[in-house]
Amino acid sequence: MEKAEVIKRRYKYRKLIMAGKIKLPIKNAARLIGPDCAYHLYSYFKQTNPDKK
């Protein structure tokens, strides 16, 4: 698979995860979207699941 195709797919999944359209465990989602977006993911996760620790 070409490098450009890999980048394109990663961006697509990052967008879907950040929009909340794909349900993944927080650990796996953070690995897929990268550390720069993970900060936003953690804050979103806290808001949607207040009773989970």
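This is a short group-meeting talk on the fold, the core and one charged pair of a small set of helices in a predicted model.

Okay, hi everyone. Before anything else, keep in mind that what you see is a predicted model. Let's start with the overall layout. The protein has three helices and zero strands, and from the N terminus on the order is α-α-α. There are 53 residues in the protein, and buried ones make up 17% of them. As for the outside, the accessible surface comes to about 4,900 Å², and carbon and sulfur atoms account for 57% of that.

Now look at helix α2, which covers residues 26-33. Which residues of α2 are buried? Those are A29, A30 and I33. If you look down the axis of α2, the buried residues fall within an arc of 100 degrees, so they line one face of the helix. Swing round to the other side of α2 and you find K27 and R31, both exposed. Right after α2 comes G34, and its phi is positive, near 90 degrees.

That takes us to the core. In general, nonpolar side chains in soluble globular proteins tend to be buried together. Here, the largest nonpolar core has five residues: I17, A29, I33, C37 and L41. The elements that put two or more residues into this core are α2 and α3, the latter being 35-48. You've already met A29 and I33 as buried residues of α2, and here they are again as core members. One more word on C37: leaving aside residues up to four places away in sequence, C37 touches R14 and M18.

Last stop, the charges. How many salt bridges does the structure hold? Just one. The partners are R9 and E5, whose side chains meet at 3.4 Å, N to O. Why are these two placed to meet? Both sit in helix α1, residues 3-18, and because they are four residues apart, about one helical turn separates them. As a general point, side chains of opposite charge can pair when their charged atoms come close. And is this pair hidden away or out in the open? Somewhere in between: R9 is partly exposed, at a relative accessible area of 42%, and E5 also counts as partly exposed, at 30%.

So, to recap: three helices, a five-residue largest nonpolar core, and one salt bridge, between R9 and E5. That's my bit, thanks.

Notes
Residues are numbered from 1 along each chain as its sequence is written. This is a predicted model: local features need pLDDT of at least 70, side-chain atom pairs count only at pLDDT 80 or more; totals for chains, interfaces and linings use all residues. Side-chain values use heavy atoms; hydrogens and water are left out. Buried means under 20% relative accessible area, exposed over 50%, partly exposed in between (1.4 Å probe, protein chains only). The arc is that of the directions from the helix axis to the C-beta atoms. A salt bridge is a side-chain nitrogen of Lys or Arg within 4 Å of a carboxyl oxygen of Asp or Glu. A nonpolar core is a set of buried Ala, Val, Leu, Ile, Met, Phe, Trp, Tyr and Cys residues joined through side-chain atoms within 4.5 Å. Contact means heavy atoms within 4.5 Å. Accessible areas come from the Shrake-Rupley method with a 1.4 Å probe; for residues, only the protein chains shown count as cover.
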